[in-house]
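Subject: Two-chain model for you to look at

Hi,

Here is the structure I promised to pass on. Please open it next to this message, and my notes on what I found follow below.

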Amino acid sequence: MTDDLVVQRKEGLYCPPGDFYIDPWRPVDRAVITHAHGDHSRRGNARYLAAAPAEGVLRTRLGDIDLQTLPYGESVDHFGVRLSLHPAGHVLGSAQVRLEHAGRVWVASGDYYVAGSSADPREDNQTCAPFEPVRCHCFITESTFGLPIYRWRPQAELFAEIDAWWRANAEAGRASLLLGYAFGKAQRILKGVDRSIGPIAVHGAIEPLNRAYRAAGIDIPETPIATEIGDKSFFRRALVVAPPSAQGSTWTRRFGDHGDAFASGWMQLRGARRRRSIDRGFVLSDHADWPGLQRAIAATGAERVIVTHGYEAVMVRWLTEQGFEASAFATEYGQDDDELPEATGAVVDAQ
Amino acid sequence: MKLFAQLFAELDRSTATLAKIDALKRYFAAAAPRDAAWAVYFLAGGKPRQVVPNAVLWAAACRRAGIDDWLFDACYQAVGDFAETVAHVLPPPVRRSDLGLAEWVEERLLTLRGLAPAEQAARITSYWNELDTAERFLLNKLIGGEFRVGVSKLLVQRALAEGAGVDGKLVAQRMMGYTDKHAVPTAERFALLTASSEPGPLDVGQPYPFFLAHQLELAESEFAAKLGAPSQWLVEWKYDGIRAQLVKRSREVWIWSRGEDLVSERFPEVVELARALPDGTVLDGEIVVWKNGRVAPFALLQQRIGRKVLTKKVLADAPVGYIAYDVLEWQGVDVRERPQHERRALLETVLGEAGAALGDDLETAFRISPIARGDDWQSLASLRRESRERGVEGLMLKHRDARYGTGRRKQDDLAAGTWWKWKIDPLTVDCVLVYAQAGHGRRASVYTDYTFAVWNRRPRDAAEADAALDAIARREPADAQALQLVPFAKAYSGLTDEEFRVVDKVVRQTTLEKFGPVRSVRPTMVFELGFEGINRSARHRSGIAVRFPRMLRIRDDKPLHEADTLADLEALLALQHGSKGAVPATPP
């Protein structure tokens, strides 16, 4: 095991020959960041390396950090380790980290989104570069939705459902409050809905990220912030996108009678929908579903797979039965992401 | 099936009554009568017996999904609902079905019963291939006899009545027995529910909708102000039996349970007694096990209900009697609008006349609910405190001028037309949380089902209790003589969602071991557990079983070493059963 290109340390996942960490959860000297969600990119590291498209969102979230960026596909050499970053399809700037050293290739995926249903480009995440399979000997994969019960439907069907809900509310003269994580989910919603149905407003926590997306050339509609709207009649046909913490808060009073919905992969389950006490749950995830995980792992050609955050035990057993050499890393990811199991949901609303 | 699945989705996601009624009205207007007949049956709580064992469904689902048992089980643990797990693991459908609900039920589901398991699995797999996830979920629920959705029978009746412009009470009456096991929903039967706004001749054995009682949440000091004088009320004991309506018409007897099941066959003694009543008589009352002239604990009645065949031995071990407390029909006339005190007087006349025909039997097995008397609320309150020794649950208060209403109605005015349950406070024990399991449905993946323990003896002090807890945390097997915690009850209700979230977090932080879905925890929390009764049980490690346990509150204020002991449970046993065991049912 001493030849492994990535090992687990108390600070995070560590590359011994390169002497750097990937998404460390404690402050370190050199941190390679897969993406800008809070659980993968923490404050306090001395130096950061991330994919070039992540710069805007990373700086929006972490402020003035010592950040070096690398375009997707380009490589740098560090203590004999060749490092390159490849699109993960999760959020703007999300990357898989490819490490090559002494003839071995490892890839750490961070979080990734790839639809399992088909290789149709319409099923890609339309707000960032799509997941790119990278050949390797060992693949470190997430497992957030690593159970066969998680299969995402075609995105066209899903957005048609969201549009129909919005339209019905608009026709009844009431606002549609759609809750989703401020970074990543909100932008997918804004990009995916039918803008002809009515006006759109966002929560103040979402706009700075929208700006970073627009600056990166992603087509996110220009929308007012809900608190800046004086004329309440605006909301009667409006879609309002807000982070989950807004649910039931005094901030929602301005909408009067309104429908509410939550967009998350966890909405797949009836129990999760009912626990949320919302009108509707839309199954929209930035993570791979079960078939997607299988497809992504197969496409790497890896013989060895290391599973992180999610259903590690299930995935390890399944992969072992499929003939992979599989094991798990215990990480501290999945703490600040909206797509956590509901039971640990208290931290969901932290941001 | 598509329409019904759409209705289910709308009912399932809505919490607003009006939205649900709208969805129901739209469905009834759009659905074929034959399909609507079955929809009413399921929505009103009708359940055909399970037609295919879960094991067959499980195996067929695993095969179709290409996964092993262990992986299916991991999915089930995450979903917390079997039918839903099956619906999700299956690959997408290959074709779509347009069959209506009635055809699905009559031609496809009910015909599965009794087939060889291999044939059942093959047919169900082909059905799954025609349905989307939501429809599969419904199909699985119907196959398993587990269909449930958040609408009350009252809401279904309201939607039917509003849709057809018929009085809701008439619909309610016509719907009695609709979900009975022996009844088959048909288009004709469905049409009869809303056929005309005129009361037609009822099916001869039809009961009336039960009038349900409310829990009285009132401090004793407020009784006089809010309820007026006790003389305005009929006060009776509240028996712990099976609420039942007894219908005698056309020389036949029907016994209906509160769940509107026809249960005549379960209680031949009562049927026999009721034959002496004149035709056109309907009584409301309670079936209890009657032994040596007393009401026996509910546990005995429960054992009898559990028996498939009523052998002579069962009848001898647990003979039942009927305590009548109201008359709803007399000489073929509906008397429910007459005031309570008049109906009571009539009841005494009715049973007086029948009694003459019955002779001694009336004395032993068929009687009028006795009146509890007191000059003021204080004396009734002290009478109520004797409930446990008398083997009853407390008192019932019925206003003397009240009519016999329908169902359960919210009432702000305490004295108006409501029956009140003035139950005794539950027995309580302070106990320690030792195991937790994730719940089902809405509580899937949240630890909401708990096992509680008491000390085997009183800890000498906090230090001794801490040492015992440390041993548990180190997973050392306990020495039989040593201080230890003995599990005695499970409970999963009584906390708010917020409190469940707190406990869930503690469970996750203090987990010692995982046994499948169950976690053992390092004991850190004390709960006040309430329950209705306590009995000896050879099946429980503690030797004690409690009835209807639920959490009353989290005792953050109570250190673990002050939790209760087995000796405290023994004291409650003695309190409930006294030295003699059973107690007289009738107040002296």
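Let me start with one helix of chain B: the buried residues of α6(B) are B:Ala83, B:Glu84, B:Thr85, B:Val86, B:Ala87, B:His88 and B:Val89. Please keep in mind throughout that this is a predicted model. Helix α6 of chain B covers residues 82–89, and 7 of its 8 residues are buried, so the helix is mostly covered. What do the buried residues of α6(B) pack against? Within chain B, they pack against α4 (54–65), α5 (69–79) and α9 (133–143), and they also pack against α5 of chain A. That last partner leads to the contact between the two chains.

**Where the chains meet**

Chain A brings 16 residues to this contact, and chain B brings 23 residues. On the chain A side, α5 (270–276) and α7 (312–321) each supply at least two residues. Which element of chain A gives the most to the side that touches chain B? That is α5(A), with 4 residues. Sorted by class, the side of chain A that touches chain B holds 9 nonpolar, 1 polar and 6 charged residues.

One residue you may like to click on here is B:Arg13, which sits in helix α1 (residues 2–13) of chain B. Once its neighbours within four places in sequence are left aside, B:Arg13 is in contact with A:Asp279 and A:Arg280. Is B:Arg13 buried or partly exposed? It has 18 C-beta neighbours inside 10 Å, so B:Arg13 counts as partly exposed; the buried class begins at 20. Should you want a distance to check your viewer with, the C-alpha atoms of B:Arg13 and B:Gly205 are separated by 37 Å, and these two residues are 192 residues apart along the chain.

**Chain A**

Chain A contains 7 helices and 18 strands. Its radius of gyration is 20 Å, close to the 20 Å that the globule rule gives for 351 residues, so chain A is as compact as a globular protein of that length. If you are setting up a view, the C-alpha atoms of chain A fill a box of roughly 65 × 45 × 35 Å along the principal axes. Of the 351 residues of chain A, 52% count as buried. Among the contacts in chain A with a separation of 6 or more, 61% come from residues 24 or more positions apart.

The domain assignment splits chain A into domain 1 (7–151 + 287–350) and domain 2 (155–282). The centres of these domains of chain A, taken over C-alpha atoms, are separated by 28 Å. Their contact takes 22 residues from domain 1 and 25 residues from domain 2 of chain A. On the domain 1 side of chain A, the residues that touch domain 2 are 9 nonpolar, 7 polar and 6 charged.

There is also a sheet in chain A worth a look. Its 6 strands form an open sheet in the order β1-β2-β3-β4-β5-β6, with mixed pairing. β1 (7–9) and β6 (67–70) of chain A are the edge strands, each pairing on one side only. On average, neighbouring strands of this sheet are turned by 35° against each other, direction ignored. Within chain A, strands β2 (residues 12–15) and β3 (residues 20–22) run antiparallel and are joined by 3 bridges. For one bridge pair to find on screen, A:Tyr14 has A:Tyr21 in β3(A) as its partner.

**Chain B**

Chain B holds 23 helices and 20 strands. The radius of gyration of chain B is 27 Å, close to the 25 Å that the globule rule gives for 588 residues, so this chain is as compact as a globular protein of that length. Its C-alpha trace spans about 75 × 70 × 50 Å along the principal axes. Buried residues make up 37% of the 588 residues in chain B. As for contacts in chain B with a separation of 6 or more, residues 24 or more positions apart account for 75% of them.

Chain B is divided into domain 1 (214–423) and domain 2 (427–575). Between the centres of these two domains of chain B, taken over C-alpha atoms, there are 37 Å.

Happy browsing, and do write back with any questions.

Best wishes

Notes
Residues are numbered from 1 along each chain as its sequence is written. Chains are lettered from A and ligands numbered from 1 in the order in which they are written. This is a predicted model: local features need pLDDT of at least 70, side-chain atom pairs count only at pLDDT 80 or more; totals for chains, interfaces and linings use all residues. Two residues are in contact if their C-beta atoms, placed from the backbone, lie within 7 Å. Ala, Val, Leu, Ile, Met, Phe, Trp, Tyr, Cys and Pro count as nonpolar, Asp, Glu, Lys and Arg as charged, and the others, Gly among them, as polar. The radius of gyration is taken over C-alpha atoms; the globule rule is 2.2 Å times the number of residues to the power 0.38. A residue is buried if 20 or more other C-beta atoms lie within 10 Å of its own, exposed if 12 or fewer, and partly exposed in between; C-beta atoms are placed from the backbone. Domain bounds come from an automatic or database domain assignment. Two strands pair if DSSP finds at least two bridges between them. Axes are lines fitted to C-alpha atoms, for helices over the stretch in contact, and angles run from 0 to 180 degrees between N-to-C directions.
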